[in-house]
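Work through these exercises with the model open. Each task is followed by a stepwise solution.

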Amino acid sequence: PGLAKSLLTGNQSLPAVPEVGTRDLFQHQVDIIEVKPEPGQDHRVAVTVAVGGQGEGGSKPARDLKLFRDGRLVAQHNGAEGRPFECTGSPFTFRNIALPRNKNQVLFTAHAVNIDKVRSKTASFDYKYSASRGVEQRLFVVAAGVNNFDDAAFYLKYAVNDARAFVEGLSDHFTSGPVKATALIGDRQTNEPTKNNLRSALMDLQLKGNDPKKFDGPWPDDVVALLISSHGLTLAETFYILPSDIPEDGPTHPDFPGRAVSADELGQWLAGIDAGEIVMVLDACQSGSALGGDDFKPGPMGDRGLGQLAYDKAMRILSATNENKPAMEYDNLEHGLLSHVLMVEGLERGLGQGADSFTARDWFKFALIKTSEVETQAGGAKGFGRPPQGPDSVQEPRFFDFGGADSFLLRKRNAKKND
C-alpha cells in the first residue's frame, strides 16, 4: 500500500534487482496425483503430490511445497527445521484437508519453490463432492488488549477497551451464525495476553494431529478475526508486538527477542488456521512493517514470514500506521485511534447504522478514510517517546488486501439475516 506515492515523492527507492544469470532458474515438476476422502471423516480429504527435481548435475532440492484450495494456502511442506528437501518424485500426502461444507467442488493447486525462490509451474486438480445443506457460517474472534506490562514503563490506558469493543462489536454485527470469542485482557486485575496465551489462543483454532473428530475450530466456511492492541516496534528489521510479560527494560533486555512476539512467530501461529476468510487488525506502533516493510513483495514468491503467509492465505490485514510512525490513543476517545474508528465510527455510528450489510473490505476502507479526520480532533499518544509534530505526524493506516471474494458479511444493528 502506498508504494507509488512513496516512489514518486522520493521517500522510497526500489532495491537493486539481482542479475538473472546469478539465479538457479530450475523449475520442479509438480503433479497432484490423487485426492481421496479420509476414512470416516466428512468433508476431509488426503491430497497426494509428487515433486520431481531431476536437473543438470543431479537432483535439485526444493525449498517449499505449497498446497492451495481455491486459491488459499491450506498446507505446506519443507525439510527439517525449514531446510530444503530432496525431490526424487516420491509422493507426499497432505492429510485431513478440509472441504467447504456449503460447496460441492473445489480446485486444488500446488507448486514448489527452489532454493533461489524460483517457482515451479502450477499443478491443478478439480475435486467434486456432496455438499451439506444448512451449514451456518461461524465467526471466531481472538482479541488481545495489553494495558499493563511486567515493566510498568510500557503502561497503556485503552488497549483493553479496544479488545473488548472488538469482541462486542463483531458479536453484535455478525448475524450469519454463532460467534466464538476469546478476549485476552491485560489490566491491573488480569494478565492474560502473555506470549504463551496468545500462541495458545491461535493454536486452538487449528487442527492438531490426524484425528479431527473432536476439532471444533474453524472450517473453510467460517471466518477468523484477530485484533492485537499493544505496543509495537521494529528492531533489527524485525517487527515485534509486546505481550504483557515483556521483560523489564524492554528492547534493551537481552531476552527481548525471545520474550516479544515477532511477526514471523505470529505468521507461524496463523499458518495452520484453515478458514474461508482471515482478517487481522494490528493497533500498534510501526505495525505497517509487520508484513516485512519495504522488502515485502506481494506475489506467489518463495519468501517466508507473515507477509508471504498473508498473501498465500488471501488475508486482509489492517495496520494502525506505517513502518516508522507511532499509533495514537486518546483520552477523549478512550480507545486507540484505529480501534475507535473501526468500532465506534464504523460499527456504532457509520456503516453499522447506515447500510443493511457491509463487508470486511468496506469496513477497513472506511477506516482508511476516516482515521485522519478523527485524529485532527484529538490529542495524546500511544507509543515510545513523544508523538511527532507537524504534517508528517498524521497517522495513516495501511490496508493489505489479499482477499478474493468477500465471505465476511456484517450487518447493521438488528438487521435480520435474510434482509
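**Exercise 1.** State how much space lies in the second largest cavity, and find which residues line it.

*Solution.* This is a predicted model.
- Step 1: the second largest cavity holds about 30 Å³ of space.
- Step 2: its lining consists of R72, L73, I273, D274, A275, I278 and K313.
- Step 3: sort the lining by class. The second largest cavity has 4 nonpolar and 3 charged lining residues, and no polar ones.

**Exercise 2.** Give the volume of the largest cavity and the class of its lining residues.

*Solution.*
- Step 1: count the cavities. There are 2 of 30 Å³ or more.
- Step 2: the largest cavity has a volume of about 40 Å³.
- Step 3: list its lining. A144, V146, P193, L198, I228, I241, L242, P243 and V261 surround this space.
- Step 4: classify them. The count is 9 nonpolar, no polar and no charged.

**Exercise 3.** Describe the second largest pocket: its volume, its centre and its lining.

*Solution.*
- Step 1: the volume of the second largest pocket is about 960 Å³.
- Step 2: 38 residues line this pocket, and V74, A75, Q76, A271 and G272 are the closest to its centre.
- Step 3: assign the lining to elements. β6 (72–77), β7 (88–98), α5 (263–270) and α6 (306–312) each give two or more residues.
- Step 4: find the main contributor. β7 supplies the largest share, 6 residues.
- Step 5: split the lining by class. It has 16 nonpolar, 13 polar and 9 charged residues.

**Exercise 4.** Trace the strand order of the 6-stranded open sheet and identify its edges.

*Solution.*
- Step 1: the order is β11-β10-β12-β16-β17-β21, with mixed pairing.
- Step 2: look for strands that pair on one side only. These edge strands are β11 (179–186) and β21 (398–401).
- Step 3: check the twist. Neighbouring strands are turned by 5 degrees against each other on average, direction ignored.

**Exercise 5.** Determine the sense in which β10 and β12 pair, then place helix α2 on the sheet.

*Solution.*
- Step 1: β10 (residues 139–146) and β12 (residues 223–229) run in the parallel sense, paired over 7 bridges.
- Step 2: pick one pair. V142 has L226 in β12 as its bridge partner.
- Step 3: add the helix. α2 (residues 159–173) packs on the sheet and touches β10, β11, β12 and β16 (277–283).
- Step 4: compare directions. The direction of α2 makes about 165 degrees with that of β10.

Terms used: Residues are numbered from 1 along each chain as its sequence is written. This is a predicted model: local features need pLDDT of at least 70, side-chain atom pairs count only at pLDDT 80 or more; totals for chains, interfaces and linings use all residues. Side-chain values use heavy atoms; hydrogens and water are left out. Two strands pair if DSSP finds at least two bridges between them. Helices (H or I, at least four residues) and strands (E, at least two) are DSSP runs, numbered from the N terminus. Axes are lines fitted to C-alpha atoms, for helices over the stretch in contact, and angles run from 0 to 180 degrees between N-to-C directions. Contact means heavy atoms within 4.5 Å. On a 1 Å grid over the protein atoms alone, a cavity is a set of points where a 1.4 Å probe fits but cannot get out, and a pocket is an open set with protein on both sides within 12 Å along at least five of seven lines; lining residues have an atom within 4 Å of a point. Grid points are joined across faces, edges and corners, and a volume is the space filled by probe spheres set on the points. Ala, Val, Leu, Ile, Met, Phe, Trp, Tyr, Cys and Pro count as nonpolar, Asp, Glu, Lys and Arg as charged, and the others, Gly among them, as polar.
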